Amino acid sequence: MYKLNTVVWEITLKCNIHCLHCGSSADYNARNNELSTSEALDLIEQLSDLGCRRVVLSGGEPFLRQDWAVLSLRIRDLGMHVSYISNGYVINDDIIDLLKIIQPIGISFSLDGSNADTHDYIRGKKGVFERCIKALHDTTKAGLYSSAVTSVHKKNINELEDILAILLDNGVHAWQVQTATPQGRMPKELALNDEEYYRLAEFISDKRKKYNNLINIYEADCVGYYSSILDGLYCKSWVGCQAGLQVLGIESDGAIKGCLSLHGEPFIEGNVREKPLREIWESKDGFKFNRRFSPDLLQGICKNCKWGAICRGGCTEKAITCTGSPYESPYCLYNYEKTHNNS
């Protein structure tokens, strides 16, 4: 039986900004019929019963949900770790005081530009850059484990050095770098090409070695795999997408998916308003795209790859979005090196 480890929970789809690359197309309105406080608390009990270890609260903007602290405390009191992904705009002293009581294992703020012109343009609202930098500074100063998340595309790939400098200046503990996916509001023309993708991987690998004693720089699941020359970057540790194997995504209305980034009805495994979470998780027909994987399902560049049986086609979100198949992702360091004779 599969062991649930991590849940990423969109506690509300409501957001106070309008990001250019938002895969969920979140806006100023909450999703219809979002879980009530009592329903959400019951769901937390079910997560605990399944042995979940970590719950990441996201959105939308999670701090726009009025009961976020109530939910967080219940998660903590049941022995699970809680963390957050936020745009930083509403962070104030009151929220920081609550966070100090809750003691999350981390709070991540989305930083997509090294200056207000770039960041505010991508985020669709003036003043967001200033608020984000302040949130990073204030949470770090308060003794909370702060981190930044940067979604990289053509609009900001050339600002990564300067973003890193900002994080170092503010004593931020960690930086997750990921590629933006052309779904939701993000136009396809902004997606990185193969050369830019490899350049991004080189950047992460180089900066990790240079600054590993100052900040934890790491890649998201979409940056890899099996490079022969780049340290880290899932070169040896990647064993395929874990959606539905160890990871779950929960939408704000109670819909259950293997990963929040997998959009559309085919990836909804059930709803906790209709079935207990354990029944959804333990269903013999659930999460077929991952639980019934076999190497003969691989397609395209992944079909005859020597790493195919282990890699399983890379990040499922990237594969689905870019090729229409969960078993072929064009974003692959090994394939790039092979094609360009770098290996």
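Here a trainee and a mentor talk through the labels given to parts of this predicted model.

Trainee: Let's start with the helices. What makes α1 and α2 roughly parallel to each other?

Mentor: The axes of helix α1 (residues 37-49) and helix α2 (residues 68-77) cross at roughly 20 degrees. Angles under 35 degrees count as roughly parallel, therefore α1 and α2 earn that label. Their axes come within 10 Å, and the crossing is right-handed.

Trainee: Which residues of α1 and α2 meet?

Mentor: From α1 there are T37, A40, L41, I44 and E45, and they meet V70, L71, R74 and I75 of α2. Sorted by class, this contact has six nonpolar, one polar and two charged residues.

Trainee: And how do you know that α6 is roughly parallel to α7?

Mentor: By the same kind of check. The axes of helix α6 (residues 160-169) and α7 come within 12 Å and cross at roughly 30 degrees. The cut-off is under 35 degrees, so α6 counts as roughly parallel to α7. This crossing, too, is right-handed. On the α6 side the contact is made by L160, E161, L164 and L168, and on the α7 side by L200, F203, K207 and Y211. It has six nonpolar, no polar and two charged residues.

Trainee: Now accessibility. Why is G127 called partly exposed?

Mentor: Its relative accessibility is 26%. Buried means under 20% and exposed means over 50%, so G127, at 26%, falls in between and counts as partly exposed. G127 sits in the loop between α4 (116-123) and α5 (128-141). Leaving aside residues up to four places away in sequence, G127 touches Y89 and D120.

Trainee: What makes N33 exposed?

Mentor: N33 has a relative accessible area of 58%, and the threshold is over 50%, so N33 is exposed. N33 belongs to the loop between β1 (6-10) and α1. Its phi is near 60 degrees, a positive value in a residue other than glycine.

Trainee: What about Q103: buried or exposed?

Mentor: Exposed, because its relative accessible area is 51% and the limit to pass is 50%. Q103 is in the loop between α3 (93-102) and β4 (106-110). Q103 is not a glycine either, yet it has a positive phi of about 55 degrees.

Trainee: Which peptide bond leads into Y225, and what is its omega?

Mentor: The bond from G224 to Y225 is cis, with omega near 20 degrees. Y225 lies in the loop between β7 (216-219) and β8 (247-250). The bond from G59 to G60 is also cis, with omega near 20 degrees, and G60 is in the loop between β2 (54-58) and α2.

Trainee: Let's finish inside the protein. Which residues have the most contacts in the largest nonpolar core?

Mentor: W9 and W175, in a core of 96 residues. Helix α7 (residues 194-211) supplies the largest share, seven residues. Apart from this core lies another, of eight residues, including L13, C15, C22 and V128.

Trainee: What does W9 touch?

Mentor: Beyond residues up to four places away in sequence, the partners of W9 include L35, A40, L43, I44, V55, V56 and L57. Others are S58, I250, E251 and L260.

Trainee: And which residues of helix α11 are buried?

Mentor: In α11 (residues 316-323) they are T316, E317, K318 and A319. Their cover includes β6 (174-179) and α9 (288-291). After α11 comes G324, with a positive phi near 85 degrees.

Key: Residues numbered from 1 in each chain as written. Predicted model: local features only at pLDDT ≥ 70, side-chain atom pairs only at ≥ 80, totals over all residues. Heavy atoms only, no water. Core = buried A, V, L, I, M, F, W, Y, C linked by side-chain atoms within 4.5 Å. Buried < 20%, exposed > 50% of the residue type's maximum accessible area, 1.4 Å probe, protein only. Helix = DSSP H or I, 4+ residues; strand = E, 2+ residues; numbered from the N terminus. Contact = heavy atoms within 4.5 Å. Axes fitted to C-alpha atoms, helices over the stretch in contact; angles between N-to-C directions. Parallel < 35°, antiparallel > 145°, perpendicular 65-115°, else oblique. Left-handed = near helix turned anticlockwise from the far one by under 90°. Nonpolar A, V, L, I, M, F, W, Y, C, P; charged D, E, K, R; others polar.
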